[in-house]
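Here are a few worked exercises to try with the model open on your screen. Have a go at each task before you read its solution.

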Amino acid sequence: MISSSIVGFPRVGSDRAHKFALEKYWRKKITVEELVEAGKKIKLRNWEFESKAGIEQIVVGDFSYYDHILDLAVAFNVIPSRFKDVKRGDGLEDKFEFYFSLARGAKSTANGNNIEGDSIHPLEMTKWFDTNYHCLVPEISKHTEFKLTNKDLVEEYVHAKNQGYNAKPVIVGPATFIYFSKFEDNTSTESKWDYLNKLIPLYADLILELEKNGAKMIQIDEPILATTLDSEVLDAFDRAYKLLGGLIESKRNIGYGDPYYKIKLFLANYYSSYDENFDVATSIDIFDGFHFDLVNGISDIPKILEKGFKNKTLSLGLVDGRNVWKTDLKERFNFFIKNFAGLDPSVSVIINSSCSLLHLPLTVKKEKDYLETDLYRLLSFASEKVIEISQLTTMISVYRESRSLVAFDENFQDSKFKKVFICKHSRPNPDTKPRKTGPNEDKFTRISSFQGRKKIQNEYFNLPIYPTTTIGSFPQTTDIRSKRRAYKSGEITYEQYLDEIKRKIIDCIHLQFELDLDVFVNGEYERTDMVEFFGENLEGMEVTTNGWVQSYGSRYVKPPIIFAHVYRGNPMTCELMEFTLKTIQSVLDSIGSTKKKYVKAILTGPVTIVKWSFPRNDIPISEVTKQVAMAIREEVIDLEAIGVHMIQVDEPAIREGLPLKKKDQDEYKQWAIESFRTATSGINDFTQIHTHMCYSDFYEIIEIIKGLDVDVLTIESVKSNMKFLNNLVPGKENYEAGIGPGAYDVHSPAIPSKEEIIQRIKQYTKYFDKKSVWINPDCGNKTRTEAELKPALQNMIAVAKQLRIQEGEN
Ligand code: MET
Ligand SMILES: [Zn+2]
């Protein structure tokens, strides 16, 4: 039997209904009932769409008002004790207020009296596997009282069923939940995995409740199976699911569930192969079926065939859920025939997406008027992928029923498909353009070693100890946003828009003089989003108008599409940097100062540009990244030539690019380092290269960090409680470059006190030579208001000055 399904669908809704409903609710512009209504509407539309497209098992449980891991944390009562005084009533509003307080923080309302106490910080966020989606991090402690506090999934299932849909509930499995959870400091790995067993009864209850209400199957997502797991984790996984099986059986015996129909359990793994986890996972007999990612995990195929899976169901993820290219249905059909034509007839097959379509924009339709004609024809977003799955399923069923290889019908193909495919990569050949060579010619390492450069730079810049700077962006105010909109919609000219940006730069420079920062920036006012900006400016990349993809909560980004050889057409940031240099000089002249003021240019690094885009998939991603690196190299060389001698190349996505499987990581490390060095090595020794990283567990990538050979590294660390320090040995860390681990958390509107900043800096100097420590906020200031920015920086700079006096170096 052949049927079709998807692993999950985007939550965005049409016209970003999800984002706007959430934000309106937070601003109290709509009621909680209206928020719920908006959510329901999105779900209903998704179900209707999937069903009309011909998908047999439509999905429920893939929607979330904020994040699916947060949903589970709330459902399982995994609530950190700092929230104990936050009201948790039964009413709809209380329910949502509590839920959002976990995601966004809360004011303490001790005794339920609404007395505003200290603010309660929200759950941490972390990257969901190797994607740019952030999930929240549940916090488990020995005080956690695991219990089921809601049955939202069951209600949603019943809702879909009552609408007449054949619905498949999906839920993230207990092992993946534990994988993302945080534990008290002294929890051993062993006991961490022991908590799995506490979750199992809750899953059993939920599953039986679904069964009782008529669900025929449930998809349990355990993408941790795509990572390299220690044997103790794999054992815990095995034990937990066996326990689940036993518990479900014994509960059925005492009347839970449905006496006539046993719900089928499906195990879903995606983003990569099961690989060495294959045997354990597929031998757990409570599973009636397994999902395989057959785009990013094809190495599992021999094992699948060997195992045979008689009388089981195989969900084959044939259609790429991570990238935006139109599926070559004929190729996928032939791939199926070649590999799976010999499957035992007792095997039921589900044709599926490789993973959830959450990482794709909603539909290509809206791009027709904007994107280059040829390009949009090549694209397929979530909605188009659903249709492709349905078409592929029909093709395969026809074949399977007739058992004939000639059953492939050309008509199933978009007749234009072949023609447009040829258009891909038919852009001007960049190799005909002369490549820029800088002072370091064609070499891809800096002229001197770090120590050699350090001497030169110390003399050249003559900065005080604890130099102060920022990460690049200053608040993106409403005036700048509205001017950008006006420019994009043609209401104002480019020159008018540029004038506005220049005005902002002037203010920004004046502010930095007033604050007395040591190293200036120009505020990145011209960039909505760092990667989008480079996507707009580099050749071979395109930016969509409506290709929104959820990053977290109500935050959506538009990843650019890399469709051809990437190269730099024109300088991208030089004009505004020249303007910035002039502005600084004119201020210095006006006050008669002969001192030098340095400004740091900010670029995005090659790994991050590619990681936060949809890359072409006809050449290796390492190649695409190297092309981008060459383009950034040219920009770096030009910036140096106009007199900018500090250049920060941001790589916040470098950790996220790390492959899920340990065995693939070395190769990645090598080309990621090579790409960064390609971008940053074409210059003189006196030019100082900075990099900035955030949202990462840095210790895991310390080798990469060292390999980048930068002069200064600034890393976000405050939001994660400086957890990377836990792994370092005081005094022993041989990280010799300048380091700015972050004086305060830019993601919080709270103004950091001088005391807390001092405490942090003192922590840092235990690990790093105080002469190497820079003082800066831990990430860009884009999301802060101007009113928040100034006092925060004032405190930060006051601390630097105070420390210099204490250290006797002014
Ligand atoms: C996500 S990292 C952001 C770095 C960027 N330079 C900024 O200041 O916004
Ligand atoms: Zn950052």
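**Exercise 1.** Find the bridge partner of Phe 290 in β13.

Step 1: look across from Phe 290 into β13, and you land on Leu 314. Step 2: zoom out to the strands, β12 (residues 287-293) and β13 (residues 313-319), which pair in the parallel sense over five bridges. Strands here are DSSP runs of E, at least two residues long, and helices are runs of H or I of at least four, both numbered from the N terminus. Two strands pair if DSSP finds at least two bridges between them.

A word on the ground rules: this is a predicted model, where local features need pLDDT of at least 70, side-chain atom pairs count only at pLDDT 80 or more, and totals for chains, interfaces and linings use all residues. Residues are numbered from 1 along each chain as its sequence is written, while chains are lettered from A and ligands numbered from 1 in the order in which they are written.

**Exercise 2.** Work out which strands stand at the edges of the sheet that holds β1 and β2.

Step 1: write down the order, β1-β14-β13-β12-β11-β10-β8-β2, an open sheet of eight strands with parallel pairing. Step 2: β1 (2-4) and β2 (58-60) each have a single partner strand, so one side of each has no neighbour in the sheet.

**Exercise 3.** Do the same for the six-stranded sheet, then find a helix that packs on it.

Step 1: this open sheet runs β15-β20-β21-β22-β23-β24, again with parallel pairing. Step 2: its edges are β15 (519-520) and β24 (738-740); each has a single partner strand, so one side is left without a neighbour. Step 3: β20 (residues 598-604) and β21 (residues 646-650) are joined by five bridges, and Ala 601 stands opposite Ile 647 in β21. Step 4: helix α22 (residues 621-641) packs on the sheet and touches both β20 and β21.

**Exercise 4.** Describe how domain 1 and domain 2 sit together.

Step 1: the bounds, from an automatic or database domain assignment, are 2-11 + 57-65 + 124-422 for domain 1 and 451-806 for domain 2. Step 2: their C-alpha centres lie 37 Å apart. Step 3: 30 residues of domain 1 are in contact (C-beta atoms, placed from the backbone, within 7 Å) with 24 residues of domain 2.

**Exercise 5.** Which residues come nearest to ligand 1?

Step 1: gather the 13 residues around ligand 1, each with its C-beta atom, placed from the backbone, within 6 Å. Step 2: pick out the nearest, which are Ile 471, Gly 472, Ser 473, Pro 652 and Gly 780.

Key: Contact = placed C-beta atoms within 7 Å. Axes fitted to C-alpha atoms, helices over the stretch in contact; angles between N-to-C directions.
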